[in-house]
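Thanks for asking me to look this one over. Here are my notes, point by point, for reading beside the model.

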Amino acid sequence: MVDSLLIADVRPWGGPPVDLLLENETVAAVSVATGSPTGPGERVDGAGRLILPALSDVHLHLDSTRLGLPFRAQTGLPGRWGRIMNDREHWRSAERSVTERAAFTLAVAVANGATRIRSHAQVDADSGLAKLEAELAARERYDDVCDVEIVAFPQVGLLLEPGVVDLMDAALSAGADLVGGMDPCELDRDPVRHLDAVFGLAEKHRVGVDIHLHEAGELGLFTLSLIIERVRALGMAGLATISHARCLTSGLSGVPAAIEQLAELDIALTHAAGAQGWALPLLDLAAAGVRVGVGMDGQRDYWSPYGNGDMLDRAWQLAFVNGFGSDEHVEHALAVATWGGASVIDRGLRPLDRSEPHPGFAVGDPAEFFLVDADSPTSAVMDRPADRTVIHRGRVVSVDTALDGFEIPGRWGRGRS
Ligand SMILES: [Zn+2]
């Protein structure tokens, strides 16, 4: 592994050309491009391309993805339970194993510029720890090109089927990084027992939590208040994430106070850039200092036909569903998909701040970037150019959607055919 990498002639967030020196996995110096920079280590010629903080996919399900497999018609009944059962009925008979599917999807994500990933691994009475083990194996395979956190995720609830809490306990012992939860009122219909189990496991294993909360309106705000109560009581500020947090889109009078408490306890949010009542109030959240990241969620799986492994596409979707049209706002969507997600995973990073719209290039910032041939950040989001150079921990890990030892086949590589 190189200790030093000089990236010459690149434009951070579309600004003036600079030479960027990376050392020991962080930014060591940013200087006006000279045309002939010298440095002690390896060198990349940026050729005037745009450089941005690496993309971060902080909410996906590597165990259900069908990226790269033949497109499959949706056979699930509408609604959450219909989709859960559709997955349960079919996941074992997919054309490739969970490990192979998870690994392929990771490779596509990295080749497209995402180097930080948080994935949920379903733990339930049907699959036991099989899906977690598959995700652990996929993470191991691509350990040198991306950082992956895995959440033990009780997709079917904790209380409806026997033994799930014990399985979650075993998942955390087996290598899961965080404890998940899932709609404690709507699914288990017992939010106190559900959340006490989640936070009990978090305490026992000294890990953070990342709870799926689709519950809308007052019900969702009620569940949110129970989560906030536990984070506060257990001294878990900075260790909790809520995924989707649909209740914050409700426009109810309790929303601003809830946002204030999220900021106070450094509770992060992740979501999938959904439309129709799922779009989070991004600008309000940034103004309050709440960490927000975005992810692919399920991709072409037994739940959803959407997703293609390209987080720049998801940045476009995020801007689109929020109705963003100005450069300032599109760049904010891009900042959420890059630095915002990174700050959800690494609480040592500063949260997105509207007064610093172009983060990632201060001395000491992580050496996680991607280069792309685009006029501006907004045009990068609109065009999603294929030629990307991806840098992880200060070294180049992918050029033009070809990871070392893993060429992304066909249309998944965008730049290749
Ligand atoms: Zn999810």
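**Notes on pockets, cavities and helix packing**

1. Let me start with the lining of the largest pocket, whose residues divide into twelve nonpolar, 14 polar and nine charged. Please keep in mind throughout that this is a predicted model. The pocket itself holds about 990 Å³ of space. Of its 35 lining residues, those closest to the centre are His-244, Trp-278, Asp-297, Trp-303 and Ser-304, so named here in case you want to find the spot on screen.

2. Which helix gives the most to the lining of the largest pocket? That is H9, with four residues. Helix H1 (80-90) and helix H9 (311-321) each supply at least two residues of this lining.

3. The second largest pocket has quite another lining to look at. Its volume is about 150 Å³, and the residues around it are Glu-25, Arg-116, Asp-147, Ile-345, Asp-346, Pro-366, Glu-368 and Arg-393. Six of these count as charged and two as nonpolar, with no polar residue in the lining.

4. Now for the enclosed spaces. The structure holds two cavities of 30 Å³ or more, and the largest cavity has a volume of about 50 Å³. Pro-53, Ala-54, Arg-116, Thr-338, Trp-339, Ala-342, Gly-360, Pro-366 and Glu-368 line the largest cavity. By type, that makes five nonpolar, two polar and two charged residues. Helix H10 (residues 327-345) provides the largest share of the lining, three residues. While you are there, note that Arg-116, Pro-366 and Glu-368 line this cavity and also appear in the lining of the second largest pocket.

5. H10 also packs against H9, the helix from point 2. The axes of H9 and H10 lie 9 Å apart, at an angle of about 135°, and the two helices are therefore oblique to each other. H9 passes H10 in a right-handed crossing. On the H9 side the contact uses Met-311, Leu-312, Ala-315, Leu-318 and Ala-319, which meet Val-330, Ala-333, Leu-334, Val-336 and Ala-337 of H10. What kinds of residue make up the contact of H9 with H10? Ten are nonpolar, with no polar and no charged residues.

6. Next come helix H2 (residues 98-111) and helix H3 (residues 130-141), whose axes come within 8 Å and cross at roughly 40°. H2 and H3 are therefore oblique to each other, and their crossing is right-handed. From H2 the contact takes Val-98, Thr-99, Ala-102, Ala-103 and Leu-106, and from H3 it takes Ala-134, Ala-137, Ala-138, Arg-139 and Arg-141. Seven residues of this contact are nonpolar, one is polar and two are charged.

7. My last pair is helix H5 (residues 191-205) with helix H6 (residues 217-233). Their axes are 11 Å apart and the packing angle is about 35°. Left-handed or right-handed, how does H5 pass H6? The crossing is right-handed. Pro-191, Val-192, Leu-195, Asp-196 and Phe-199 of H5 meet Phe-222, Thr-223, Leu-226, Ile-227, Arg-230 and Val-231 of H6. The residues of this contact divide into eight nonpolar, one polar and two charged.

Conventions: Residues are numbered from 1 along each chain as its sequence is written. This is a predicted model: local features need pLDDT of at least 70, side-chain atom pairs count only at pLDDT 80 or more; totals for chains, interfaces and linings use all residues. Side-chain values use heavy atoms; hydrogens and water are left out. Axes are lines fitted to C-alpha atoms, for helices over the stretch in contact, and angles run from 0 to 180 degrees between N-to-C directions. Angles under 35 degrees count as roughly parallel, over 145 as roughly antiparallel, 65 to 115 as roughly perpendicular and the rest as oblique. A crossing is left-handed if the near helix is turned anticlockwise from the far one by less than a right angle, and right-handed if clockwise. Contact means heavy atoms within 4.5 Å. Ala, Val, Leu, Ile, Met, Phe, Trp, Tyr, Cys and Pro count as nonpolar, Asp, Glu, Lys and Arg as charged, and the others, Gly among them, as polar. On a 1 Å grid over the protein atoms alone, a cavity is a set of points where a 1.4 Å probe fits but cannot get out, and a pocket is an open set with protein on both sides within 12 Å along at least five of seven lines; lining residues have an atom within 4 Å of a point. Grid points are joined across faces, edges and corners, and a volume is the space filled by probe spheres set on the points.
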